[in-house]
Amino acid sequence: MPELHALKEWKVAVDALEQGEMILLLRKGGIREVSGNFALAHDQALLYPTFEHQKPHLLKEKYARQVAPVEPGWHPESVRIGAWAVITHTMQVSEPACVDSLLPFHIWNREFMIERLKWKPRQPLTLLLLRVYRLASPHMLAYDPGYGGCKSWISLNAGDRFRQ
């Protein structure tokens with residue numbers, strides 16, 4: 001069975017992408033990224049929802065209410081994979097005015113944008129524009145410890161881990 005790739009993102013963001021409520025992501029990279037920076041490893045990927053680092057105070061009110069807090073290290077026994085995306089464009093964004101102009105087009109609030117710009121201030125945000133496709137029927141993927149950690153990309157072995 002071929003290897004499948006997944007892009008990890010907060011569950012609330014994956015849900016918004018899947019529902020067509022936004023078409024972009026803003027990334028700087030996870031702590032476990034190669035060189036600590038986000039890199040576009042694939043131009044197509046399944047969308048893998050994460051739970052642990054979602055922060056309601058960094059979301060617009062409508063989306064903040066959708067986040068259920070979890071304990072550090074918590075993960076579900078299985079993860080619902082409901083969509084995949086083609087990353088159609090990427091661009092670097094570092095100017096606060098540009099970042100502010102993006103506010104109507106995603107689920108995060110201004111505080112999120114300020115935090116992202118201040119973290120590793122010499123490194124710009126990477127803006128990803130996505131074309132998202134819902135799967136005909138969502139799959140439940142058994143959690144694997146290799147999927148954990150603060151990283152953007154994971155490889156999935158589609159073998160026996162996918163079940164309807």
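Q: When do two strands count as paired, and in which sense do E3 and E4 pair?

A: Two strands are taken as a pair if DSSP finds at least two bridges between them. In this predicted model, E3 and E4 meet that criterion with three bridges, in the antiparallel sense. One of these links is between Gln-44 and its bridge partner in E4, Val-86.

Q: How many bridges join E4 to E5?

A: E4 and E5 run antiparallel and are joined by 14 bridges. Within this pairing, Ala-83 has Arg-134 of E5 as its bridge partner.

Q: How many helices and strands does the protein chain contain, and how are they ordered?

A: The chain holds five helices and seven strands. Read from the N terminus, the order is β-α-β-β-α-β-α-α-β-β-α-β. As for contacts between residues at least 6 apart in sequence, 82% of them join residues at least 24 apart.

Q: What share of the residues counts as buried, and which residues of the largest nonpolar core touch the most other members?

A: The general idea comes first: in soluble globular proteins, nonpolar side chains tend to be buried together. In this chain of 164 residues, 43% count as buried. The largest nonpolar core has 36 residues, and those that touch the most other members are Trp-10, Met-22, Leu-25, Leu-59, Ile-107 and Trp-108.

Q: Which elements give two or more residues to this core?

A: They are E1, H1 (11–18), E2, E3, H2 (61–64), E4 (78–93), H4 and E5. H1 provides the largest share, five residues.

Q: Which residues does Met-22 touch, leaving aside those up to four places away in sequence?

A: Met-22 touches Ala-13, Ala-16 and Leu-17, and also Phe-105, His-106, Ile-107 and Trp-108. Apart from the largest core lies another one, of nine residues, which include Val-79, Ile-81, Tyr-147 and Ile-154.

Q: How should the largest pocket be read: what is its volume, and which residues are closest to its centre?

A: A pocket may be described by its volume, by its lining and by the elements that supply that lining. The largest pocket has a volume of about 840 Å³. It is lined by 33 residues, of which Trp-10, Thr-50, His-53, Gly-149 and Cys-150 are the closest to the centre. Strands E1 (3–10), E2 (24–27) and E3 (44–50), together with helix H4 (110–118), are the elements that give two or more residues to this lining. By class, the lining comprises 15 nonpolar, nine polar and nine charged residues.

Q: What is the volume of the second largest pocket, and what lines it?

A: The second largest pocket has a volume of about 170 Å³. Its lining has 10 residues, and the closest to the centre are Leu-4, His-5, Ala-45, Leu-46 and Trp-84. At least two lining residues come from each of E1, E3 and E5 (125–142). The lining divides into six nonpolar residues, three polar and one charged.

Q: Where does Lys-120 lie, and what is its phi?

A: A backbone angle is best read together with the position of its residue. Lys-120 is in the loop between H4 and E5. Its phi is near 50°, a positive value in a residue other than glycine.

Q: Why is Lys-120 classed as partly exposed?

A: The class of partly exposed residues lies between the buried cut-off, under 20% relative accessible area, and the exposed cut-off, over 50%. Lys-120 is placed in that class because its relative accessible area is 29%.

Key: Residues numbered from 1 in each chain as written. Predicted model: local features only at pLDDT ≥ 70, side-chain atom pairs only at ≥ 80, totals over all residues. Heavy atoms only, no water. 1 Å grid on protein atoms, 1.4 Å probe; cavity = no way out; pocket = protein on both sides within 12 Å on 5 of 7 lines; lining within 4 Å. Points joined across faces, edges and corners; volume = space filled by probe spheres on them. Helix = DSSP H or I, 4+ residues; strand = E, 2+ residues; numbered from the N terminus. Nonpolar A, V, L, I, M, F, W, Y, C, P; charged D, E, K, R; others polar. Core = buried A, V, L, I, M, F, W, Y, C linked by side-chain atoms within 4.5 Å. Buried < 20%, exposed > 50% of the residue type's maximum accessible area, 1.4 Å probe, protein only. Contact = heavy atoms within 4.5 Å.
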